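Here are some worked exercises to try with the viewer open. Have a go at each task before you read its solution.

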Amino acid sequence: MGIRIISPGLATTVQDLGRPGYYHLGIPLSGGMDRFALRAANLLVGNDPGAAVLEAVFLGPQIAFTRDSMVAVTGAELPPKVDGVARETWSAFAVKAGQVLSFDFLKGGARAYIAISGGIDVPLVLGSRSTYALGALGGHEGRKLAAGDELRLGAPGRSVKEGRKVMPELRRLPSAPVELRVLTGLYWHRITDQSGRDFFADTWKVAPEADRIGYRFRGGRPLAFVPRTPPFGAGSDPSNIVDACYPYGSIQIPGGTEPIVLHRDAVSGGGYFMLGTVISADMDLIGQLQPHTPARFAAVDMAAALAARRGRAALIGKLGASLG
Amino acid sequence: MPQSSPPRSSPPRSSPPMRYSFGGDEHIFVEVDEEMSLEAFFRTLSVTNAVRESKIRGVAEICPANASFQIKFDPDAISPDDMLGELKGLESAAAGTEAVLKTRIIEIPVLYNDPWTHETLMRFRERHQDPSVTDIEYAARINDFASVDAFIAAHSGSPWFVTMVGFVAGLPFLYQMVDRTRQIEAPKYLRPRTDTPKLTVGHGGCFGCIYSVRGAGGYQMFGITQMPIYDPRHEIGYLSEFMALFRPGDMVKWKPLTREAYDQAVADVDAGRFQPLMRDVTFSLAEFQKDNDGYNRKLDRVLHGH
């Protein structure tokens with residue numbers, strides 16, 4: 001035994017670094033939406049960086065511990081409490097058997113990562129412990145946690161000292177307005193040049209329909225499409241294509257009105273045109289966006305995307321070195 | 001409003017060049033053809049098979065779709081431009097291969113006009129093109145069938161190709177194996193539903209589908225099957241090897257059920273007695289193109305073992 005869920009929060013799921021290899025059958029990667037924060041939480045408590053943790057969105061769970069553990073909470077600013085006494089985020093703290101971990105209200109960001117020494121020991125499904133709720137797969141019974149759920153913990157790894165912290169410069173939360181860098185492409189040619197400029201000039205806002213599958217944005221000008229005769233099988237709407245694969249991070253705009261950026265639990269394909277893809281280095285940031293956050297999209301080229309990717313890898317290296 | 005579409009019997013044309021695009025720094029998206037056809041699907045299969053066999057370093061995932069495909073790759077292992085060059089080098093491989101496929105044909109029992117999709121479609125009527133009729137009545141009318149029964153006879157009268165698996169776990173996209181002039185076409189709902197019963201038999205554009213899980217959806221709903229096609233809980237015998245039944249290249253033949261037969265089939269599934277009718281078969285695109293209907297009758301004989 002390890003932990004028992006007293007109250008689950010809004011949508012708390014078990015996640016690790018994901019389940020690659022089955023996207024061609026419609027089973028997405030899943031895993032933590034903010035992978036950097038997930039790694040940091042694990043390293044703080046002495047776990048492998050990809051051990052299974054709890055991802056809590058907007059509202060924290062209440063958890064009773066039945067084993068002495070080291071715990072860390074990273075990502076969103078969701079202040080933890082042990083038996084009602086405040087603890088810091090981005091740092092390791094002890095929770096003893098019999099104590100209760102709870103949370104104060106969200107102060108910033110959207111998703112907190114709760115790592116516990118030993119990791120959450122749910123069964124591996126197709127190589128991962130991540131929850132893919134839409135497919136009722138992985139995690140704890142393929143779903144978000146509910147009151148009364150009991151989860152086992154793995155054997156603790158390295159023992160670490162209480163009070164270890166992630167350096168402040170490595171704690172990443174999005175600014176407002178957040179800037180999401182985009183490589184244009186895919187079906188970019190479907191919209192007019194003017195609409196292409198408008199898309200990047202407008203300030204959008206995160207819509208309430210934002211979850212692990214995708215983040216919807218609204219508030220920008222509707223797009224105008226280049227006229228065409230619909231290709232056979234595509235459908236009559238100008239935003240339709242013959243159903244195709246959707247890259248992670250791809251931006252589809254059904255009907256030309258509200259962009260949706262697909263995330264870790266992406267639908268793997270469908271019949272809407274996409275105008276480009278958010279670069280891999282900015283995917284973590286999306287997972288920390290609250291509804292109504294203003295957002296701008298910024299066009300970059302491949303060289304800039306790769307430079308950002310190297311920058312992010314350097315941060316992960318620094319994190320590992322400082323907590324190694 | 002009926003689907004506006006290009007001339008429904010446009011003549012066969014030569015294969016267009018493939019269109020390549022980066023999907024961020026981790027994907028290359030390749031459009032084999034802008035429009036759907038079995039030829040485009042077979043070119044997609046050939047080139048994705050060539051990618052798999054070529055063992056290009058840095059390839060993480062190969063995802064074939066109806067008339068396009070996507071490669072996920074690790075740009076730390078191979079530069080995006082080098083990956084692009086490798087893929088372009090394989091394009092000619094698709095042209096040279098004979099379109100012959102060792103595959104399976106699978107019979108899927110369907111209760112058309114079932115009460116569950118009916119309840120759901122009534123709940124979302126204001127999102128439909130024609131709220132005064134059901135989805136199947138609407139599809140029958142806009143495809144010029146005299147009756148719903150005639151529509152069902154056409155829907156279940158020829159096999160369908162699984163030309164893509166995805167959207168959600170294990171969901172097959174199905175392409176009707178008849179001449180383009182006879183293919184059923186129907187627009188998607190004006191606004192997607194937030195609910196679709198699990199195992200709904202749907203249709204959008206020229207594609208049929210089976211919803212593998214309950215959830216949102218925009219396709220017209222014609223009926224429901226009791227036959228599990230996705231089993232993350234490992235309870236179904238014939239899905240024990242892998243939790244999702246379908247692979248691109250499978251063929252499906254619908255079998256209309258009466259309500260009594262459907263209820264019996266549900267009981268069989270629940271008792272673990274249900275075994276799908278499934279046969280191995282070799283499909284030749286050239287042979288099929290010579291005589292669609294004759295070839296489909298042959299497939300029917302393979303399916304029923306006579």
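## Exercise 1: Unusual backbone in chain A

Pro177(A) sits in the loop between strand 11 (150-151) and strand 12 (178-184) of chain A; helices (H or I, at least four residues) and strands (E, at least two) are DSSP runs, numbered from the N terminus. The model is predicted, so local features need pLDDT of at least 70 and side-chain atom pairs count only at pLDDT 80 or more, while totals for chains, interfaces and linings use all residues. Residues are numbered from 1 along each chain as its sequence is written, and chains are lettered from A and ligands numbered from 1 in the order in which they are written.

**Task.** Find out whether the peptide bond from Ala176(A) to Pro177(A) is cis or trans, then place Ser30(A) and Ala136(A).

**Solution.**
1. Recall the background: most residues other than glycine have a negative phi, and most peptide bonds are trans.
2. The bond from Ala176(A) to Pro177(A) has omega near 0°, and is cis.
3. Ser30(A), not a glycine, has a positive phi of about 55°. Ser30(A) belongs to the loop between strand 2 (13-15) and helix 1 (35-44) of chain A.
4. Ala136(A), also not a glycine, has a positive phi of about 50°. The loop between strand 10 (108-116) and strand 11 of chain A holds Ala136(A).
5. Now for burial: a residue is buried if 20 or more other C-beta atoms (placed from the backbone) lie within 10 Å of its own, exposed if 12 or fewer, and partly exposed in between. Ser30(A) is buried because it has 31 C-beta neighbours inside 10 Å. Ala136(A) is partly exposed because 18 other C-beta atoms lie within 10 Å.

## Exercise 2: A sheet and the core

**Task.** Work out which strands are the edge strands of the 5-stranded sheet of chain A, and follow the sheet into the nonpolar core.

**Solution.**
1. Two strands pair if DSSP finds at least two bridges between them. The open sheet has the order 2-3-10-5-8 in chain A, with antiparallel pairing.
2. Strand 2 and strand 8 (92-95) of chain A each pair on one side only, and are the edge strands.
3. From one strand to the next, the twist averages 35°; axes are lines fitted to C-alpha atoms, for helices over the stretch in contact, and angles run from 0 to 180 degrees between N-to-C directions.
4. Strand 5 (residues 69-77) and strand 10 of chain A are joined by 6 bridges and run antiparallel. Val71(A) stands opposite Ile116(A) of strand 10 of chain A.
5. A nonpolar core is a set of buried Ala, Val, Leu, Ile, Met, Phe, Trp, Tyr and Cys residues joined through C-beta atoms within 7 Å. The largest core has 172 residues, and Val71(A) and Leu44(A) are among those that touch the most other members. Helix 1 of chain A gives the largest share of this core, 7 residues.
6. Two residues are in contact if their C-beta atoms, placed from the backbone, lie within 7 Å. Beyond four places in sequence, the contacts of Leu44(A) include Ala72(A), Ala115(A) and Leu323(A).

## Exercise 3: Chain B and its partner

**Task.** Describe the domains of chain B, one sheet of chain B and the side that touches chain A.

**Solution.**
1. An automatic or database domain assignment provides the bounds: domain 1 is 19-97 and domain 2 is 102-304 of chain B. Their C-alpha centres lie 28 Å apart.
2. Between them, 8 residues of domain 1 contact 9 residues of domain 2. On the domain 1 side, helix 1 (residues 38-54) of chain B gives the largest share, 4 residues.
3. A 4-stranded open sheet of chain B has the order 1-2-4-3 and antiparallel pairing. Strand 1 and strand 3 of chain B are its edge strands.
4. Helix 1 of chain B packs on this sheet, touching strand 3 and strand 4 of chain B.
5. Across the interface, 48 residues of chain B contact 43 residues of chain A. Strand 3 of chain B gives the most to the chain B side, with 5 residues.
6. By class, the chain B side has 26 nonpolar, 15 polar and 7 charged residues. Here Ala, Val, Leu, Ile, Met, Phe, Trp, Tyr, Cys and Pro count as nonpolar, Asp, Glu, Lys and Arg as charged, and the others, Gly among them, as polar.
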